[in-house]
Amino acid sequence: METNLSQNPSNASSTFASLGLSEWLVNTLKELGMKKPTPVQEHCIPRILAGEDVLGLAQTGSGKTAAFALPMLHHLAKYPYGVFALVVTPTRELAYQLAEQFRALGSGMNLRCEVVVGGMNTINQSRALMKRPHIVIATPGRIKVLIEDNPDLPAIFSNVKFVVLDEADRVLDVSFEEELKVIFECLPKTRQTLLFSATMTSDLQSLLELSANKAYFYEGYEGLKTVDSLKQQYVFMPKNAKEVYLLHILSKMQDMGIRSAMIFVSTCRTCHRLGLLLEQLEHEAASLHSLKSQSLRLSSLHQFKSGQAHLLVATDVASRGLDIPTVDLVINYDIPRYPTDYVHRVGRTARAGRGGLAISFITENDIKLIHKIEEALGKKLDKFECKENDVNADITKVFKAKRVVTMKMMDDGFEDKAKARKEQNLRNASRKRAAAEDD
Ligand code: AMP
């Protein structure tokens, strides 16, 4: 489907009040310093208020959350009974971030919002849901488990007025197919469905075509694009020198005026190892990956957000949607396999009109990947200048720290967790194969 921004022209004079939102919400927005609707809000809010289903495609950081949260809160305040909305999002951290935004936007009413994600106690979660909060924000796997385990739970969703799939492209991914089937079976047919995503995929395209008469399609998305205020650079280096280059760049952070940085890696193991290495090298670094317990994931994110740690080493579990204004630098320590992931990662900086820097570490194995990224972006990355002598100044220190970390990793329990995860994945795959053969 060919759509471009001109189909969604921006009306410079529109205000939150002129979009039809209640006065109490307009006042809350004023208090939060949100003066004018962004384009995605301007186009989607009136449609959602009018009862339409919406598929909204918009760049990360464009105000998507408020675009769906505001009209929902407008309706909810008039009928605050039972579970009013279910919001499904792919990662646990995004679920908590969404809840924070709902609570801020809904501070003018007595909003009850519940987050249900993996890694937390299911009995407590089930109990909290039975108290019928207004908004349930969930990751797909956990809500499916809760619905299946508690026969009383499906009924609480029988009057839901809204279902939202946030980062819909990721939620509609085949790996969540089963979860979505269980979730949608509990929801009434009369609900409004809102899909929001930063990227268009064939799943979303098919959904849109199926509901062509019904769903309003907003596209404020011009293909894979990064914002102009983001400087994108690369450093070419030998594979075994990555840690040394990283330390060198981090040592220049202060001079470069960088408050905090996110360092993206491709595996949980590298994430864990690099977190330990930076700690060993006396950097305040938090780390975030899916082999950590949920309470540790939350505390890492909190440390980073509050400025206790100025570095966050993360896998792609943190590449989408996270909104942390102090992030001035994103380092692609490992180059992502897909250009989409690159765009999501670097979108953690240069948000809301601010500047930002992304530096990608390229080794000889990454040349094809980086060409694919440059082709998708329609621009070349610039070279990040650094002198080899300066980089190598700390080489001995880094290699010493690496040896210490290798020993630490032998007995800190990480390998056991990785092994258990691998076995679980194998069991899941063989269960899925068996189910497919049964079909
Ligand atoms: P999102 O794309 O939903 O992650 O939002 C990105 C950031 O923009 C969040 O910090 C929002 O609080 C902020 N934001 C959303 N809408 C507006 C607005 N109309 N004016 C100013 N800031 C906004």
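## Exercises on a ligand site and two sheets

In this predicted model, a nitrogen atom of the ligand sits 2.7 Å from an N or O atom in the side chain of glutamine 41. A polar contact here is a pair of N or O atoms within 3.5 Å; within protein, one must be able to donate a hydrogen and the other to accept it, and residues adjacent in sequence count only if both atoms are side-chain atoms.

Some ground rules: residues are numbered from 1 along each chain as its sequence is written, and side-chain values use heavy atoms, without hydrogens and water. As this is a predicted model, local features need pLDDT of at least 70 and side-chain atom pairs count only at pLDDT 80 or more, while totals for chains, interfaces and linings use all residues.

**Exercise 1.** Describe the surroundings of the ligand.

*Solution.*
- Step 1: 13 residues surround the ligand, each with a heavy atom within 4 Å of it. The closest are Lys36, Gln41, Gly63, Thr65 and Asp323.
- Step 2: Turn to the backbone. A polar backbone atom of lysine 64 is 3.4 Å from an oxygen atom of the ligand, and one of lysine 36 is 2.7 Å from a ligand nitrogen.
- Step 3: The ligand alone exposes 500 Å², of which the protein buries 75% (Shrake-Rupley areas, 1.4 Å probe).

**Exercise 2.** Work out the strand order of the sheet that holds β3, and find its edges.

*Solution.*
- Step 1: Read across the open, parallel sheet of seven strands: β3-β4-β2-β5-β6-β1-β7. Strands are DSSP runs of E with at least two residues, helices are runs of H or I with at least four, and both are numbered from the N terminus; a pair needs at least two bridges.
- Step 2: β3 (113-116) and β7 (216-220) each have a single partner strand, so one side of each lacks a neighbour in the sheet.
- Step 3: Zoom in on the β3 edge. Four bridges join β3 to β4 (135-138), and valine 116 faces alanine 138 there.

**Exercise 3.** Do the same for the sheet that holds β10, then place helix α12.

*Solution.*
- Step 1: Seven strands again form an open parallel sheet, ordered β10-β11-β9-β12-β13-β8-β14.
- Step 2: β10 (285-288) and β14 (382-383) are the edge strands, each pairing on one side only.
- Step 3: Two bridges link β14 with β8 (230-236); glutamine 233 stands opposite aspartate 382.
- Step 4: Helix α12 (268-280) packs on this sheet, touching β9, β10 and β11 (contact: heavy atoms within 4.5 Å). Its direction makes about 155° with that of β11, on a scale from 0 to 180 degrees between N-to-C directions of axes fitted to C-alpha atoms, for helices over the stretch in contact.
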